Amino acid sequence: MRRGDPKSRPTITVTEGRVGDLYGWCNEWTGEVRLRPGMTPRQRLGTLLHEGLHVALPRTAEREIARLTGLLTSLLWREGYRRSTRGGLGRGDERPRRPRQ
């Protein structure tokens, strides 16, 4: 299989760690994504999407990746998607709950 073939896409694995002065880094060949610790939830969502898009669309220009990142981050954030406090992704798990009336 050649690079860019959908059947040859690597599995994306995410870790936190040093990435210099960047928010995130990825290896398009292996699917490894490393995120800077300590980001706000919205920064983390945007960075995760950005690096994931690099893995999924390795031949796409940075400008287009940035455009798609902004579009998708805004959409998912507006719809209430947040990182779950239990470890994976959840929908609104970090949103304060309203008391029952």
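This report describes the predicted model of one protein chain, moving from its overall make-up to its sheet, its helices and a few single residues.

## The chain as a whole

The chain holds two helices and five strands, and, read along the sequence, these elements follow the pattern β-β-β-α-α-β-β. Of the 101 residues in the chain, 31% are buried. The accessible surface of the chain comes to about 7,500 Å², and 53% of that surface belongs to carbon and sulfur atoms. If one takes the contacts between residues at least 6 apart in sequence, 30% of them join residues at least 24 apart.

## The three-stranded sheet

Strands of a sheet pair through backbone hydrogen bonds, and they may do so in a parallel or an antiparallel way. In this model, an open sheet of three strands has the order β1-β3-β2, and its pairing is mixed. Because β1 and β2 stand at the edges and each has a single partner strand, one side of each is left without a neighbour in the sheet. From one strand to the next, the twist averages 20 degrees.

How do the two pairings in this sheet come about, and which residues stand opposite each other? Strand β1, residues 13–16, runs parallel to β3 and is joined to it by four bridges; within this pair, Val 14 has Val 33 of β3 as its bridge partner. Strand β2, residues 24–26, pairs with β3 in the antiparallel sense over three bridges, and here Trp 25 stands opposite Arg 34 in β3. The hairpin of β2 and β3 has five residues between the strands, and in it Gly 31 takes a positive phi near 85 degrees.

Strand β3, residues 32–35, has two faces that can be told apart by their cover: Val 33 and Leu 35 form the covered face, while Glu 32 and Arg 34 form the uncovered one. Val 33 and Leu 35 also belong to the largest nonpolar core, which has five residues in all and is completed by Cys 26, Met 39 and Val 55. Met 39, leaving aside its neighbours within four places in sequence, is in contact with Tyr 23, Arg 44 and Thr 47.

## Helix α1 and what covers it

Helix α1, residues 41–56, lies across β1, β2 and β3, and it runs at about 20 degrees to β2. With 16 residues, α1 reaches 22 Å from its first C-alpha to its last, which is close to the 22 Å expected at 1.5 Å a residue. An α-helix has 3.6 residues a turn, so residues three or four places apart point the same way. Many positions of α1 can be listed as buried, including Leu 45, Gly 46, Leu 49, His 50, Leu 53 and Val 55. What covers the buried residues of α1 includes the strands β1, β2 and β3, together with helix α2 (62–78) and strand β4 (81–83).

## Three single residues

The table below sets out three residues by place and accessibility.

| Residue | Place | Relative accessibility |
|---|---|---|
| Asp 21 | loop between β1 and β2 | 67%, exposed |
| Thr 69 | helix α2 | 10%, buried |
| Thr 73 | helix α2 | 7%, buried |

Thr 73 and Thr 69 show how α2 meets α1 in terms of single residues. Thr 73 lies in helix α2, and, because its relative accessibility is 7%, Thr 73 counts as buried. Leaving aside its neighbours within four places in sequence, Thr 73 is in contact with Arg 42, Leu 45, Gly 46 and Leu 49. Thr 69, also placed in helix α2, has a relative accessibility of 10%, so Thr 69 counts as buried under the 20% limit. Not counting residues up to four places away in sequence, Thr 69 touches Gly 46, Leu 49, His 50 and Leu 53. The C-alpha atoms of Thr 69 and Leu 53 are 7.8 Å apart in space, although the two residues are 16 residues apart in sequence.

Is Asp 21 buried or exposed? Asp 21, found in the loop between β1 and β2, counts as exposed because its relative accessibility is 67%. The C-alpha atoms of Asp 21 and Arg 36 are separated by 8.8 Å, and the two residues lie 15 residues apart along the chain.

Note on methods
Residues are numbered from 1 along each chain as its sequence is written. This is a predicted model: local features need pLDDT of at least 70, side-chain atom pairs count only at pLDDT 80 or more; totals for chains, interfaces and linings use all residues. Side-chain values use heavy atoms; hydrogens and water are left out. Buried means under 20% relative accessible area, exposed over 50%, partly exposed in between (1.4 Å probe, protein chains only). Two strands pair if DSSP finds at least two bridges between them. Axes are lines fitted to C-alpha atoms, for helices over the stretch in contact, and angles run from 0 to 180 degrees between N-to-C directions. Contact means heavy atoms within 4.5 Å. The expected span of a helix is 1.5 Å times one less than its number of residues. A nonpolar core is a set of buried Ala, Val, Leu, Ile, Met, Phe, Trp, Tyr and Cys residues joined through side-chain atoms within 4.5 Å. Accessible areas come from the Shrake-Rupley method with a 1.4 Å probe; for residues, only the protein chains shown count as cover.
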